[in-house]
Every structure is written in C-alpha cells, then in structure tokens.
Amino acid sequence: MNNRNNKKFVFVLISLMVMSLWLAACGSNGSSNANNASNNSAATDAATNAPTATEAPTERTLTDALGNEVTIPADPQRIIGSYLEDHLVALGIKPVAQWSVPNGIQDYLSEALEGVPTIAYDLPFEAVTSFEPDLILMAYDSNVEGDKFTQYSKIAPTFTIGDTLVADWRATLLKVGEVLGKSEEAQKALDDYDVKAKEAKEKLQAVAAGESAAALWFVQDNFYIVSEKLSSGDLLYNQLGLTVPEVVKEISAAGTGNWNAIPLEKLAELDADHLFLINSGTDTDSGALSDPIWKNIPAVKNGNLYEYPSTSSWLYAGTIAYSQVIDDVLESIVK
C-alpha cells in the first residue's frame, strides 16, 4: 500500500472511531433521559396516590351498650344528646336541642347553649322528629326500652351509652368522643381538667390541709348530702383532697344515690369545717334553715357556709360542671 493510500485509510479509521464515540454518547444520554423521565413519572404517580394529611371522615359501624350495631354518619351535624350536653360542649359541639324538665334546664351550660331550643327529658318521638337529627345519643338504657330503640332509629341512627358507662363521667366523655370521631379532643378535655384539679388541690392544701367539707342539697324542705365517692363528693374528697366527715361516711355507706337524704337531727352531728349548700328551696319551705339545729352546725356557726343556687353546676357531672365547682370551692376556701 502506497503512502497516499495509507493516509486515506488512517483518516477513515479515525472518522469511524469519532462517530462510534458520538453514537455511544448519544445512546447514553438517551438512556439517561429515559431514566429521568421514568423517575419523574414515578414520583408524580407517588405524589398523586399518596394519602392526604387529613382523611375525610367516613361512615362507621359501632356497637352500643345494648349490643346494637349502629351506623354512625361520617360527619353528623344535627345531634341530639339529651343529658349528655356537658360532654358535647366539651368537644366543641352544639346540639340541635337541649335536655329540659318542667322546672328548668342545665343552667350552668346556658352560655354555651345559648339559642338552643329545649326538648323534654323523655324525648317524645314527635319532638325528636321535628329537630331532624342525623344522630341521636341516648344516655340511659331506659331511654330505649321496649320498642323505643326501633322507633328512634327510624328517625336517625341511635346510639346508647348505657347505665354502666354513664355512671363514670370520664368514661362517658371518652365514649361520646369515640362515637363522634373526636377521641383526641375528649382526651385533651380530660387532661386539661386534670391539670386544673391538681392545681386547685395544691392551693387548697396550702391553706386548708386536713380540713373537712360536705355538700348539702336543700329541696322541698328536705336535706340531701352528697355521697363520699359519687358526684361532687368524688370531686371534694378524691380529687381535691378535703377530709370526709364521719357523717358523710355513714350516710354514704347506707345509701346508693349521688345525694342521700339526711334528717335535720343527723345534721347536728355533721363535723365539717366547710359546708357547701345548694339551695333549691323556696320561701315557703325554708323553715329548716332557721332551725336552731341548723344554726348550731359548726360550719354554719363559724361562718364557713357557702351557698349556691340550684342553677349552679353542683348537681351535675362532667369537665365543665366540675370545673365550675372547682372555681366555687377555691373562691370559698382560698381567700
């Protein structure tokens, strides 16, 4: 091969090598672009299919205290929860109707339930229907006895909390929160209340350590004393640490209710340092409050009698009711 042909051969060879490298580079870039496009597509799909931070509420089926399977609406807006209003308000819910009896309502909730119409405590079918509820919460077994559950369920899904659970106000709040999909809110309401009760106990112990107290309800010329372990008695003794008088222990052991009858003669033995009186009496039945026996009760004689109207929260239970009672106790004893 002559020199000219050699030069031509080398030139062709170099050209082929350059072209090969160029084609390889193009192929590599094409593969890289394809991979990038595939990755971007996958990322887009993942973002599209990823669950949102807050899922929309869904319909749920829960079993109530009486074994009924109840389908709870996804986001109930028109709730009737007669005598469960304390818990509803604690969860930020305003019912469409509120519990009432012939002589009144739960006045201590009047601000939170302003403008909410009343419904009779026995929940007449016609009245319930008129409010067009999308969920009915029943407190007690008797609310749905016989065929009542069937009748109410024709109006709206009906869930019964039940006698056993309602006896424990904390458990009741948690159950109402569960039914309404607000378990976190219910627990927070309890936690906030417990902080308040703990701080109140510390304040009381600083000024009244070892001192005793009792709560009396005066109605229709009769006295009732709060149980040692129930209602506001649980608050006074268990949560706030005040001492239980012997008379309260005695009456509580013999009675079964939140408030048990106590004759005036037995009140003469009431050795409480502090006495809270919920006065539901009228001018015509207030003679007992002028009786010498009453006036000689140590707490009364020593000026440690604190009187509240029947519209106060002492006769009820719940984070709101008890929070107001705590305010009353602190205002009375911690001066």
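Are Phe223 and Trp294 buried or exposed? In this predicted model, Phe223 is buried, and Trp294 is buried as well. The two residues form a stacked aromatic pair, one of the 13 aromatic pairs that the structure holds. Their ring centres are separated by 5.1 Å, and the planes of the rings differ by 15 degrees. Phe223 belongs to strand β10 (residues 222-226), whereas Trp294 belongs to helix α11 (residues 292-295); with these positions 71 residues apart in the numbering, the pair links distant parts of the chain.

The overall composition of the model was examined next. The protein has 13 helices and 13 strands. Of its 335 residues, 40% are buried. When contacts between residues at least 6 apart in sequence are considered, 63% of them join residues at least 24 apart.

Strand β4 takes part in two pairings. It runs parallel to strand β6, and three bridges join β4 (residues 98-101) to β6 (residues 118-120). Within this pairing, Trp99 has Ile119 of β6 as its bridge partner. The pairing of β4 with strand β5 (residues 104-105) is instead antiparallel and rests on two bridges. Here Val101 is placed opposite Gly104 of β5. β4 and β5 make up a hairpin, with two residues lying between the strands. Trp99 also belongs to an aromatic cluster, in which ring pairs link it with Tyr83, Tyr108 and Tyr316.

A separate open sheet consists of three strands in the order β3-β7-β8, paired in parallel. β3 (79-80) and β8 (158-160) occupy the edges; each has a single partner strand, so one side of each lacks a neighbour in the sheet. β7 (residues 135-138) is joined to β8 by three bridges in the parallel sense. In this pairing, Ile136 stands opposite Thr158 of β8. The loop between α3 (125-130) and β7 contains Glu132. Glu132 counts as exposed because its relative accessibility is 59%, and the threshold for exposure is over 50%. Although Glu132 and Ile79 are 53 residues apart in sequence, their C-alpha atoms are 9.0 Å apart in space.

Pockets were then considered. The largest pocket holds about 530 Å³ of space. Its lining comprises 25 residues, and those closest to the centre are Tyr140, Val166, Ala167, Asn258 and Ala317. Four helices, α2 (85-90), α5 (163-166), α6 (169-179) and α8 (231-239), each contribute at least two residues to the lining of the largest pocket. Among the contributing elements, α2 provides the largest share, namely three residues. Classified by side chain, the lining of the largest pocket contains 14 nonpolar, five polar and six charged residues.

The second largest pocket has a volume of about 390 Å³. Sixteen residues line the second largest pocket, and Asn103, Trp217, Ser310, Leu315 and Tyr316 lie nearest its centre. Two or more lining residues are supplied by each of β4, β5 and β9 (213-219). The hairpin strands β4 and β5 are thus among the elements that border the second largest pocket. Tyr316, a member of the aromatic cluster that includes Trp99, is likewise one of the residues nearest the centre of the second largest pocket. By class, the lining of the second largest pocket has nine nonpolar residues, six polar residues and one charged residue.

Helix α8, which supplies at least two residues to the lining of the largest pocket, contains Ser231. Ser231 counts as buried because its relative accessibility is 11%, and burial requires a value under 20%. Leaving aside residues up to four places away in sequence, Ser231 touches Val226, Asn258, Trp259, Trp314 and Tyr322. Of these contacts, Asn258 is also listed with the residues closest to the centre of the largest pocket. Val226 falls within strand β10 (residues 222-226), the strand in which Phe223 of the stacked pair is found.

Note on methods
Residues are numbered from 1 along each chain as its sequence is written. This is a predicted model: local features need pLDDT of at least 70, side-chain atom pairs count only at pLDDT 80 or more; totals for chains, interfaces and linings use all residues. Side-chain values use heavy atoms; hydrogens and water are left out. Two strands pair if DSSP finds at least two bridges between them. On a 1 Å grid over the protein atoms alone, a cavity is a set of points where a 1.4 Å probe fits but cannot get out, and a pocket is an open set with protein on both sides within 12 Å along at least five of seven lines; lining residues have an atom within 4 Å of a point. Grid points are joined across faces, edges and corners, and a volume is the space filled by probe spheres set on the points. Ala, Val, Leu, Ile, Met, Phe, Trp, Tyr, Cys and Pro count as nonpolar, Asp, Glu, Lys and Arg as charged, and the others, Gly among them, as polar. Rings of Phe, Tyr and Trp (its six-membered ring) pair if their centres lie within 6.5 Å; planes under 30 degrees apart count as stacked, over 60 as edge-to-face and the rest as tilted. Buried means under 20% relative accessible area, exposed over 50%, partly exposed in between (1.4 Å probe, protein chains only). Contact means heavy atoms within 4.5 Å.
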